[in-house]
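Let's work through a few exercises together, each with a solution that goes step by step. Have your viewer ready and try each task before reading on.

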Amino acid sequence: MKASYKMKQTIKRLEKKYGKLNKEFDIEVFKINRRGGSFYDYCILTCSVLKSLHITVAHDGSYHIA
């Protein structure tokens, strides 16, 4: 499995802003929500220093900071 181009670009931009981030790629549980095509559906970014930082990046490059 691989990350989409838009997801990679968003992760790169966020790492430029926040520094090195831990990445955890995954796929959706429900088949109807999956992107398919051997791509990951989302990536969860966390930081070792800023414990409260939790960012979810979707396959289309959009992200949500929780």
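Below are some notes on the model, followed by five exercises.

This is a predicted model, in which local features need pLDDT of at least 70 and side-chain atom pairs count only at pLDDT 80 or more, while totals for chains, interfaces and linings use all residues. Residues are numbered from 1 along each chain as its sequence is written, and side-chain values use heavy atoms, with hydrogens and water left out.

**Exercise 1. The sheet**

Work out the strand order of the open sheet and name its edge strands.

Solution. Start with the definitions: helices (H or I, at least four residues) and strands (E, at least two) are DSSP runs numbered from the N terminus, and two strands pair if DSSP finds at least two bridges between them. The four strands then come in the order 1-2-3-4, with antiparallel pairing. Strand 1 (22-26) and strand 4 (63-65) each pair on one side only, which makes them the edge strands. From one strand to the next, the twist averages 20 degrees. Finally, turn to helix 1: this helix packs on the sheet and touches strand 1, strand 2, strand 3 and strand 4 (contact: heavy atoms within 4.5 Å). The direction of helix 1 makes about 155 degrees with that of strand 3; axes are lines fitted to C-alpha atoms, for helices over the stretch in contact, and angles run from 0 to 180 degrees between N-to-C directions.

**Exercise 2. Bridge partners**

Find the residues that stand opposite threonine 46, isoleucine 44 and aspartate 26.

Solution. Begin with strand 2 (residues 42-46) and strand 3 (residues 54-58), which are antiparallel and joined by five bridges. Here threonine 46 faces histidine 54, and isoleucine 44 has threonine 56 as its bridge partner. Next, strand 1 and strand 2 are also antiparallel, over five bridges. In that pair, aspartate 26 lies opposite tyrosine 42. Tyrosine 42 also has contacts beyond four places in sequence, among them Met7, Phe25 and Val57.

**Exercise 3. The cysteines**

Explain why cysteine 43 is in no disulfide.

Solution. A disulfide is a pair of cysteine sulfur atoms within 2.5 Å. The closest cysteine sulfur to that of cysteine 43 belongs to cysteine 47 and is 14 Å away, so the two are too far apart for a bond. The structure therefore holds zero disulfides. As for accessibility, buried means under 20% relative accessible area, exposed over 50%, and partly exposed in between (1.4 Å probe, protein chains only). Cysteine 43 is buried at 0%, and cysteine 47 also counts as buried, at 9%.

**Exercise 4. A charged pair**

Identify the partner of glutamate 15 in a salt bridge.

Solution. Side chains of opposite charge can pair when their charged atoms come close. The criterion is a side-chain nitrogen of Lys or Arg within 4 Å of a carboxyl oxygen of Asp or Glu, and by this rule the count is one salt bridge. The partner is lysine 23, with the closest N and O atoms 2.8 Å apart. Glutamate 15 is partly exposed at 21% relative accessibility, and lysine 23 is partly exposed at 35%.

**Exercise 5. Serine 4**

Is serine 4 buried or exposed, and which backbone oxygen does its side chain reach?

Solution. First locate serine 4 in the segment before helix 1 (5-18). With a relative accessible area of 5%, serine 4 is buried. Its side chain reaches the backbone oxygen of histidine 59 at 2.6 Å. Leaving out residues up to four places away in sequence, serine 4 touches Arg35, Phe39 and His59.

Note on methods
A polar contact is a pair of N or O atoms within 3.5 Å; within protein, one must be able to donate a hydrogen and the other to accept it, and residues adjacent in sequence count only if both atoms are side-chain atoms.
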